[in-house]
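Trainee: I have a structure open and want to learn how its terms are used. Could you take me through it?

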Amino acid sequence: MSLIISGGTVVTAEGQFQADVRVDGGQIAAVGRGLAQAGDEVIDADGKHILPGGIDVHTHLSMPSMGTVTCDDYYTGQVAAVMGGTTTHLDFCIQPKGSSLKAALDTWHGRARGQAVIDYGFHVAVTDPLPEVLDEIATLPDQGVTSIKLFLAYKDTLQVDDTALFRCLERARDAGVLTLVHAENGDAIEVLMAEAVARGETAPKYHALTRPPELEAEATGRAVALAEVLGAPLYIVHLSCRPALVRVREAQARGARVTAETCTQYFFFTKDDLDRPGFEGAKWVCSPPPREKEDQQALWAAVADGTLSVISTDHCPFRFDSQKTLGRDDFTLIPNGVPGIEERLMVLHQAGVRGGHFSLERFVALTATNPARSFGLGGVKGSVAPGYDADLALWNLARPHMITAATNHSAVDYSLYEGMAVQGRPVTVLIRGQTVMHEGRLLAERGSGQFLHRQRI
Ligand code: URP
Ligand code: ZN
Ligand code: ZN
Ligand code: ZN
């Protein structure tokens with residue numbers, strides 16, 4: 001028996017059209033008119049838009065950081081994701097210093113196993129580039145991991161130097177692994193932070209003021225140059241500002257293998273949000289920080305023209321009541337990161353599509369199709385076409401919804417988008433043909449999400 005999703009409007013990166021979707025064995029078997037046959041199970045999608053489930057390639061669930069741990073585990077974080085129409089995410093497995101990459105991956109697998117409700121994969125962040133760790137990069141694809149991440153910021157904890165960056169880019173290139181870079185100059189930032197604290201500048205807004213855009217642009221340009229010398233593929237994460245965009249555009253114009261993402265929050269907020277009264281600005285403390293209005297405009301243009309090909313969340317949730325407060329007297333101790341895994345698609349549909357920055361097709365490309373293609377999931381995830389997994393989000397584009405932490409599903413106690421009215425939300429979500437969410441009810445079983453063995457880049 002097949003499942004037929006009938007009467008909806010299918011949306012892909014290339015176009016939208018009226019069609020039924022036939023699902024067999026968890027995969028899309030056909031997309032076309034009049035596919036229903038006697039005996040088929042039917043989901044009526046009249047008036048709905050059928051989008052590929054969202055793919056969020058940048059999340060931090062159950063991640064130890066700055067003396068605490070992100071408050072969403074694989075269950076709460078993934079429930080929040082699926083409620084917002086996201087069916088796959090790629091999470092960062094962080095190598096503890098001295099550990100092997102294999103041991104780090106084992107730890108992360110243990111956290112996800114039995115908890116997952118959506119499909120997931122791991123990037124592995126190399127923080128201690130020991131010779132034997134560099135050798136391990138070649139073994140990652142056999143473990144289904146085809147991306148590594150290097151931090152050029154967070155001095156003395158996660159940051160690596162240029163030797164490590166260069167060596168990793170080279171090893172990754174040879175192994176068919178994509179190198180992701182957090183591009184900010186951590187050495188200069190460390191000096192600026194120490195000077196600010198010495199002057200008594202301890203409020204959250206100084207987080208933004210000690211991480212100027214030029215230091216993001218410098219690190220972006222440096223990573224691009226090293227990758228270009230090697231002919232290695234490079235992906236810049238959470239790009240936030242105009243001067244960094246210039247570096248990426250120039251590299252792409254030269255034909256370098258450079259792609260980049262931005263994250264939802266950078267379209268909506270500025271550094272002024274870190275100056276909200278009381279300590280509330282701490283809710284917006286993330287790295288890089290939100291920038292200026294002019295940067296927002298530049299990012300909208302860049303996702304429309306293709307300079308940026310992916311919009312992810314960098315979902316890295318810390319509770320305001322008990323975790324952000326670690327930095328009440330000193331902004332350098334505020335855990336860095338913001339939540340957004342549930343809101344991403346709804347607020348981007350609202351501001352991006354309804355707001356006239358890009359089409360519904362481009363929205364699908366930026367939030368599902370391109371992320372899948374960039375990370376070794378092409379042909380499997382991220383489109384509504386025969387052969388793909390039947391990961392589908394049925395959207396009612398007329399449905400009003402108000403974003404509020406009170407009805408969100410994350411374990412975090414605030415939303416950056418609190419009170420924002422949107423029109424359009426996913427009402428039914430399927431993963432590999434199973435209905436996992438309907439009208440805000442979770443139908444997935446804990447543990448039903450699968451680890452994704454990704455293809456080489
Ligand atoms: O502030 C942030 N972005 N925290 C998460 C870790 C990272 O840098 O991506
Ligand atoms: Zn109907
Ligand atoms: Zn980062
Ligand atoms: Zn991140």
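Mentor: The domain assignment splits the protein chain into domain 1 (3-51 + 388-442) and domain 2 (53-374). Such bounds come from an automatic or database domain assignment. This is a predicted model: local features need pLDDT of at least 70, side-chain atom pairs count only at pLDDT 80 or more, and totals for chains, interfaces and linings use all residues. Residues are numbered from 1 along each chain as its sequence is written, while chains are lettered from A and ligands numbered from 1 in the order in which they are written.

Trainee: Why is Lys149 called buried?

Mentor: A residue is buried if 20 or more other C-beta atoms, placed from the backbone, lie within 10 Å of its own, exposed if 12 or fewer, and partly exposed in between. Lys149 has 23 within 10 Å, so Lys149 is buried.

Trainee: What does Lys149 touch?

Mentor: Phe92, His123, Ala125 and Leu180, leaving out residues up to four places away in sequence. Touching takes C-beta atoms, placed from the backbone, within 7 Å.

Trainee: Where is Lys149 placed?

Mentor: In strand β11 (residues 147-151). Strands are DSSP runs (E, at least two residues), numbered from the N terminus.

Trainee: What surrounds ligand 1?

Mentor: His60, His182, Cys286, Ser287, Asp314, Cys316, Asn336 and Gly337. A residue counts if its C-beta atom, placed from the backbone, lies within 6 Å of the molecule.

Trainee: How many of the shell residues are charged?

Mentor: By class, the shell around ligand 1 has 2 nonpolar, 5 polar and 1 charged. Asp, Glu, Lys and Arg count as charged; Ala, Val, Leu, Ile, Met, Phe, Trp, Tyr, Cys and Pro as nonpolar; the others, Gly among them, as polar.

Note on methods: Helix = DSSP H or I, 4+ residues; strand = E, 2+ residues; numbered from the N terminus. Contact = placed C-beta atoms within 7 Å.
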